[in-house]
Amino acid sequence: MGCGVSRLDANGMAIPARLRPIFLQRLEEIKLRRQNRHLNAGSTPSKKELLLHAMDDDDNASHHQHSPRASKSVPSTPKKGDKMSKTEIYGKENGIVANIINNNNNKDDDVVAKESNSIGKGKNDPKESAIEGAKANMKDEDDDGNERMIGHEDDDAFPGSPSFRVYFKDINGEDDHIDDNGKRDAFKDAVSSDDGISPMVVIRREEDMLGIVRQRVACKANPVSSLEQGIRLIASRAFSSSAKEMTVRDALNSALDEEMSADPKVFIMGEEVGEYQGAYKITKGLLDKYGPERVVDTPITEAGFTGIGVGAAYYGLRPVIEFMTFNFSMQAIDHIINSAAKSNYMSAGQISVPIVFRGPNGAAAGVGAQHSQCYAAWYGACPGLKVLAPYSSEDARGLLKAAIRDPDPVVFLENELLYGESFPVSAEALDSSFSLPIGKAKIEREGRDVTITAFSKMVGYALQAAEILAKEGISAEVINLRSIRPLDRSTINASVRKTNRLVTLEEGFPQHGVGAEICASVVEESFEYLDAPVERIAGADVPMPYAANLERLAVPQVLISSCPYINYFVF
Amino acid sequence: MVFRRFESARAGEAEEAVTYSTSDDDDEIYDAENKAIDFPGGRVAFTPQIKFISESPDKRIPCYRVLDDDGYPIAGSTYEQVDKETAVKMYKSMVTLQIMDTIFYEAQRQGRISFYLTSMGEEAINIATAAALSFDDIILPQYREPGILLWRGFTLQEFANQCFGTKDDYGKGRQMPIHYGSKQHNFFTISSPIATQLPQAAGVAYSLKMDNKEACVVAFTGDGGTSEGDFHAGMNFAAVMEAPVLFICRNNGWAISTPVSEQFRSDGVVVKGQAYGIRSIRVDGNDTLAVYSAIRAAREMVIREQKPVLVEALTYRVGHHSTSDDSTKYRPLDEIEHWKTARSPLARFRKWVQRNGWWNDEGETELRGSIRKQLLNAIQVAEKTEKPSLEDLFTDVYDNLPLNLHEQEKSLRETIKRHQKDFPSDVPV
């Protein structure tokens, strides 16, 4: 399974046998300590009961779950033997929505619960009608009427960020006040009233169904080719700061545009960046604005155009080299590592290489093994390079600008599935001189109980998970790494020293991954502060399969389950 | 620069100079031999006869040569005249290069440096090319072109500094021997992976075009390097982007132990030029004057027309590939001897220079003695000079020293303080 949650052994414990005695003892100590802290903070005693249940129970998976939506204040105590009563159902990929509702069909998906007589009772089910409505709104063309590349049919169709709604939510979990004609309430009722719903639900990477409903009503999709057009005003959002929203695509496009106009040495090179407006439309409009000398369409040779870019950088230009995906950068990796990364050092500063390599990294949807690998760990291992991984639009803008201005070679890892996601941007981020510091992580969500580190798309997952944990009374701190190299070890360590627990989250392969480095760093520097072994969540150690069900299993997913591990964390 | 891609697919608007035999009134005349049709890429005449282009031409592309084996100018040869000063300087540089190679090679054999790579047999290519170029021309070498640095004023001491990795090395001791680099001499630091410099040269040229200087980029490779993917990418790109790059291929017959017959099946490297739309010439690489003239002419073309040109210089690698190689294992000794003595570029050029009355035997002995002394001195000085200090371990990884390296350096210094006596005394802190 792609999720890194440890398997349960016969006793329902999720720790290696040899560590169990020590673990249990530590657990007792920590329990006492935490007891006092939590009591003082006014949390409920019911959580301890929860824990006791968990420790005694063999089949602990499904008994302690309760719906995050059940109540906002004190979670009710589930009794042993109760079936799952409430669950939150999140959306699913287009076309497969029905499957998760009708659990019967998901035989291959061991993540989905055993209760198969649960959800999706019939056509008149309000949930289903909402889903149907959402599906009807999906289309294959963008607003210009251009047909999309296969796999990009829903780019721009959903201006919101459905699966990352958590990002928009108030930290306390209050819902947005958007008028969606009561669909949402209807859905909520349907969910709350349903009994015997499976406790384990998989949140898909794609649309959050609720999000679709909300976004459809509130936003209009606009064609985006420049900063001005890219900003979507959503007046009804209850945010205190600027009400502007921007997709990651527009953020990158605007950053490139501004940097190219500010410095005539900046130029873009890559396959399809010019006439085609960019394989993912990131460079849309730039050829028309800056001409073919500065937006260079290249023949299909990554080794070639990377080499040319490095040579141009040697002589003083500032190229931005686009790889259609970073998987293809392997054909040019010698130029990236042996020439770009090492030249400044080997020439003792005589040759500097102010180049940016950018492109989508990591898994997309249904593209198979050769298009889905995450290269953060590979490039992050190499001295001489700087490696950045933005998440939100603000990250994308700020970090890309910083990368272009940086005199060192920068590998800029974007994510294809994030391109269409919208995020709010502050007024300061829209300024053309905006940039974010390289090497500083961002604490997306403050917490007390566990630190979750993530980068790129996984930040959204971490935030979702944090939301879910919050309903259980676990306050998770989510760190958006932003920069893989240099890694912001001080922020990570400070956070772990505060929370005493660490979960690292990444999409790439587990061995020698980013999580491994973070774990080593934390163990080296904050060992005494750790109350539990570091948990790594990574993709499965297999080449990415194509079949949708296997693909789902090969990458981390957000589960609402009472992972016993996490329950131990709650006192 | 680049015509828009979509337009180039439009029929009937051919851009290239290659002509096909069509008559003027294409549309009217129906000639069985010379009908022409439009395709993406241009108009092309077609023929009803099935005919394959031969894999090898009837005659190999001839080689441009000016002096014969005895140093006499060949009757009817056209070449650029060389005055006494240039000729003598060229000859002296060739001798210096040869002696430098011999002595540094010996130094490696004695264990004083870890590695060395000679240019024996290719002195004419090194020096004549350097003399034909201007100082502003940017060099992206492979590794057998130290003569260019020598010509441009790199001293023997500076060569020794790099080989010994002392604190005076411009590379701060970061590179293995013979990986010279000097920004002020417009000589890019040598990079070990083969042929990576070729697409990079196109990039440098692309950047250089903006400067509007009377200069071009010169990229070297060997016969082995033409098999690399980067060779294709670099040549193709330079042609498409119309980058002012002069590609010089030193076809010395051997790529470590791989002879050219196993490297490619084409007629050498010169024919590959046409495949990319690049003008090319084959020249006798052991003939100093021929190389000089050819490079002068090629450089002129590159700068004036802002297009790449390929020069294939035929020669022979007299020495081993490097100090890690023993070429007697894969080629006959008498072949090596033959090229070392009978076909030596120095001997040939010396005959011509001496015949002009510009050089004599006394000058020769005196020069050789003096160079030898200078080199031995340079080596001794370099051996005694301090190595680069500790901070050079950490600088230049990035433009500015990042925090983690700062901390590592601090931690290293603390460790050194704690274990003073265990720390090697020859490393300055």
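Colleague: Is B:Asp284 buried or exposed?
Modeller: Buried means under 20% relative accessible area, exposed over 50%, and partly exposed in between, with a 1.4 Å probe and protein chains only. B:Asp284 has a relative accessible area of 9%. Therefore B:Asp284 counts as buried.

Colleague: What are the ground rules here?
Modeller: This is a predicted model, in which local features need pLDDT of at least 70 and side-chain atom pairs pLDDT 80 or more, while totals for chains, interfaces and linings use all residues. Residues are numbered from 1 along each chain as its sequence is written, chains are lettered from A and ligands numbered from 1 in the order written, and side-chain values use heavy atoms, leaving out hydrogens and water.

Colleague: Which strand holds B:Asp284?
Modeller: Strands (E, at least two residues) and helices (H or I, at least four) are DSSP runs, numbered from the N terminus. B:Asp284 lies within residues 279-284 of chain B. That run is strand β8.

Colleague: Which side chains make polar contacts with the side chain of B:Asp284?
Modeller: A polar contact is a pair of N or O atoms within 3.5 Å; within protein, one must be able to donate a hydrogen and the other to accept it, and residues adjacent in sequence count only if both atoms are side-chain atoms. One pair is at 2.9 Å, the other at 2.8 Å. The partners, in that order, are B:Arg65 and B:Arg348.

Colleague: How many residues of α14(A) are buried?
Modeller: α14(A) covers residues 393-405, 13 in number. The helix is mostly covered. Its buried residues include A:Ser393, A:Leu399 and A:Ile404. The count is 12 of 13.

Colleague: What area is buried between chain A and chain B?
Modeller: Buried area is the accessible area (1.4 Å probe) that two parts lose on being put together, summed over both. Carbon and sulfur atoms give 59% of it. The total is about 3700 Å².

Colleague: How many salt bridges are there between chain A and chain B?
Modeller: A salt bridge is a side-chain nitrogen of Lys or Arg within 4 Å of a carboxyl oxygen of Asp or Glu. The interface does have 15 residue pairs in polar contact, both at pLDDT 80 or more. The number of salt bridges is zero.

Colleague: Which element gives the most to the side of chain A that touches chain B?
Modeller: α10 (286-290), β5 (295-297), α11 (302-314) and α12 (333-346) of chain A each supply at least two residues. One of them gives nine residues. The top contributor is α11(A).

Technical notes. The expected span of a helix is 1.5 Å times one less than its number of residues.
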